[in-house]
Amino acid sequence: NKNAFFEINGNEFTSSHRLDALLGAPNGFVSSDKTPGALMEWLDDLAQGGRGGFILINEIDKMAMEGVKRFMEAWDRGKISGGDGKTRTLKNVMFIITSNRNASMIFPDVWPTWTAQEMKRYVESLDSDELKEKTTYNTSDGEDDKKMAVEVMNRIDLFTVATPITR
């Protein structure tokens, strides 16, 4: 069912007030009575995500930290609440998150000169644990602008990498 797919572009939700369109404005705020948020409407609709589906969060590293924290809470609880106060269960929902933030740490500078076969061999050689190590920073060490916080990364079950787009 193509309607069981919901895409979120993290770069469209870089501020907390932009998140209201996605997750709903908190009760008492302007527009909180108008919509529970686009994601909540998708989860409520049985013809879409109400029976489960896939939520793709592209470039999560660009999303406002408030939004990232809401998703971390949802991953921990298996539930998410909209601006209308209603809690939705995330049963049978798979989250897929992407980030280009750490590509330079994964691919060596010479990759543009590789053949398709060399690139395929390299990508297949990377394992989930290695990718996690290359892309995670410990917040006690200070922020690294190329890596993501351990609090986010520890909630991810599988790390994988895609072949870079060359055109």
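Which residues does D61 touch, not counting residues up to four places away in sequence? In this predicted model, D61 touches T98, S99, N100, R101 and M148 on that basis. Two of these residues, T98 and S99, also belong to the group that lies nearest the centre of the largest pocket, and the points below take up D61, that pocket and the aromatic rings in turn.

**D61 and its surroundings**
- D61 is located in the loop that runs between strand 2 (53-58) and helix 3 (65-77).
- The relative accessible area of D61 is 19%, and D61 therefore counts as buried, the limit being under 20%.
- Between the side chains of D61 and S99 there is a polar contact of 2.7 Å.

**The largest pocket**
- The largest pocket holds about 990 Å³ of space, and its lining is made up of 31 residues, with I97, T98, S99, F159 and T160 lying nearest its centre.
- Strand 5 (93-97), helix 4 (103-106) and helix 6 (128-135) each contribute at least two lining residues, and strand 5 provides the largest share, with 5 residues.
- By character, the lining of the largest pocket comprises 21 nonpolar, 8 polar and 2 charged residues.

**Aromatic rings**
- The model contains 7 aromatic pairs, one of which joins F107 and W111 in a tilted arrangement, with 6.2 Å from centre to centre and 55 degrees between the planes.
- F107 is buried, because its relative accessibility is 9%, whereas W111, at 22%, is partly exposed.
- F107 and W111 are also members of a cluster, linked by ring pairs, that includes W114 and Y122.

Terms used
Residues numbered from 1 in each chain as written. Predicted model: local features only at pLDDT ≥ 70, side-chain atom pairs only at ≥ 80, totals over all residues. Heavy atoms only, no water. 1 Å grid on protein atoms, 1.4 Å probe; cavity = no way out; pocket = protein on both sides within 12 Å on 5 of 7 lines; lining within 4 Å. Points joined across faces, edges and corners; volume = space filled by probe spheres on them. Helix = DSSP H or I, 4+ residues; strand = E, 2+ residues; numbered from the N terminus. Nonpolar A, V, L, I, M, F, W, Y, C, P; charged D, E, K, R; others polar. Buried < 20%, exposed > 50% of the residue type's maximum accessible area, 1.4 Å probe, protein only. Polar contact = N/O pair within 3.5 Å; in protein donor to acceptor, adjacent residues only side chain to side chain. Contact = heavy atoms within 4.5 Å. Phe/Tyr/Trp six-rings, centres within 6.5 Å; stacked < 30°, edge-to-face > 60°.
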